[in-house]
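Dear colleague,

Please find the structure below, handed over for your own work. A summary of the findings follows it.

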Amino acid sequence: MKQFYFILFLTLLTSCNKDKVEPNGNSSFSSCAFSSTNTSFSQLDLAQTNNSDLYFLELNVSDDVNGMVFDLNCDGIGDLRIDGNSDQDWFCQTSTASSNLTLTPLNQNTYILSDSRIDSTFQLSSVDTSGTSIQDYQLVSSYSVTGSILTQTNTNFYCSSQDSTTTVWANDSRWVSSPQVIRDHYKSTTTYYFGSDQNGYSHDISDIQEFNRGIIPNYQVSWIPIKFITNDGNVKLGYLKLRPSLYLGFVNAGLAGWAIQR
C-alpha cells in the first residue's frame, strides 16, 4: 500500500512542473570616446545627426543588449540601463509566459522621453454545447477579437518612439527620470476538464489572459530620445536606436546605435 502512495506522489509531481527563465545577466558599459564639454543644447534634429556636436556609436542590431549600461558623460559611472526580463511557468493546467523590456535611468540627471497611451481591456465569454459536452471559453485581453466587449480603459505612460525627421526639444514636458516600459507581453492560460455533472454534461473550460502593451513597435528599430544634464547644468540630448523583440517567455533587444551631444 505504501508503494502505491509513493507511485501516486511521483505521478502528481511530474504532472505539475515549473520552468522559469532568468533575466539576462549581461551588464557592461557601452563605449565612451569623448569628454563632456561646457556646451548646452536646446534641441536635437534627428534628420541632421551627422555633425561634429554629436557623438555616435554604431552597433550591431543583431546583438542582444539586455543589461547594457550607458555612460553618457564618460565619468565611469552608468547613467542608463536596458532591462529585459522573461519568464515561463507551468503548473498543472496553467501556463504563464511573459516578457518585458524597460529603460532605467540610474540617476536624477538622466531623462527619457515618455508619452501616454490609453490601454483598453476587452473581455469575451462564450459557451458552446454539443451533445453532452459544454465548452466554456473566457478571454481578457488588451486587443479586441470578434464578439469581445470593451470593459475598461486606463491611461499609462510608456517610452516614446520618434521618427528620423523629428526635432527633439530639451524643454519638452514629457521628459521623465523614472524607468519607462518599452514593450510588455503577457499570457496566462488555464484549461481544465471535469466529467459528467448531475445533468450528465462534461465540461471543457479555457480561461485566457493576454496583454500586449507599449508604444515602441515590436521587431522594429525605433528612435528613443534621451536627455542628460551635467553636474554644471549643461543639457545634452541624444537617442537610442533600439529594436525590441519580445516573444512569450523570451526577450531579445538589439541596438543599432546610440548618440549624445558633446
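I begin with a residue at the surface. Phe 250 has a relative accessibility of 43%, and because the buried class ends at 20% and the exposed class starts over 50%, Phe 250 counts as partly exposed. Please bear in mind that this is a predicted model. Phe 250 belongs to strand 15, which spans residues 250-261. Together with Tyr 219 and Tyr 247, Phe 250 makes a nonpolar surface patch of about 320 Å².

Ser 222, in strand 13, falls in another class. Its relative accessible area is 3%, and Ser 222 is therefore buried, the limit being under 20%. The side chain of Ser 222 is joined to that of Ser 161 by a polar contact of 3.4 Å.

Turning to the interior, the largest nonpolar core has 25 residues, and the members that touch the most others are Phe 70, Leu 103, Ile 224, Leu 240, Leu 242 and Trp 258. At least two residues of this core come from each of strand 2 (54-58), strand 4 (80-91), strand 5 (94-105), strand 13 (222-229), strand 14 (235-247) and strand 15 (250-261). Strand 15 gives the largest share, with five residues. There is also a second, separate core of twelve residues, and Leu 46, Val 235, Leu 237 and Tyr 239 are among them. As general background, nonpolar side chains in soluble globular proteins tend to be buried together.

Strand 5 deserves a separate paragraph. Nine of the twelve residues in strand 5 are buried, so that this strand is mostly covered. Strand 5 pairs with two strands described here, as follows:

- With strand 4, the pairing is antiparallel and runs over twelve bridges. Gly 84 has Leu 101 of strand 5 as its bridge partner. The hairpin formed by strand 4 and strand 5 has two residues between the strands, and Cys 92 in this hairpin adopts a positive phi near 55 degrees.
- With strand 11 (residues 180-194), the pairing is also antiparallel, over ten bridges. Here Leu 101 has Arg 183 of strand 11 as its bridge partner.

Leu 101 thus appears in both pairings, with Gly 84 as a bridge partner in one and Arg 183 in the other.

With kind regards

How values were computed:
Residues are numbered from 1 along each chain as its sequence is written. This is a predicted model: local features need pLDDT of at least 70, side-chain atom pairs count only at pLDDT 80 or more; totals for chains, interfaces and linings use all residues. Side-chain values use heavy atoms; hydrogens and water are left out. A nonpolar core is a set of buried Ala, Val, Leu, Ile, Met, Phe, Trp, Tyr and Cys residues joined through side-chain atoms within 4.5 Å. Buried means under 20% relative accessible area, exposed over 50%, partly exposed in between (1.4 Å probe, protein chains only). Helices (H or I, at least four residues) and strands (E, at least two) are DSSP runs, numbered from the N terminus. Two strands pair if DSSP finds at least two bridges between them. Patches are made of residues with over 30% relative accessible area and no salt bridge: like charges are joined within 9 Å, nonpolar side chains (Val, Leu, Ile, Met, Phe, Trp, Tyr) within 5 Å. Accessible areas come from the Shrake-Rupley method with a 1.4 Å probe; for residues, only the protein chains shown count as cover. A salt bridge is a side-chain nitrogen of Lys or Arg within 4 Å of a carboxyl oxygen of Asp or Glu. A polar contact is a pair of N or O atoms within 3.5 Å; within protein, one must be able to donate a hydrogen and the other to accept it, and residues adjacent in sequence count only if both atoms are side-chain atoms.
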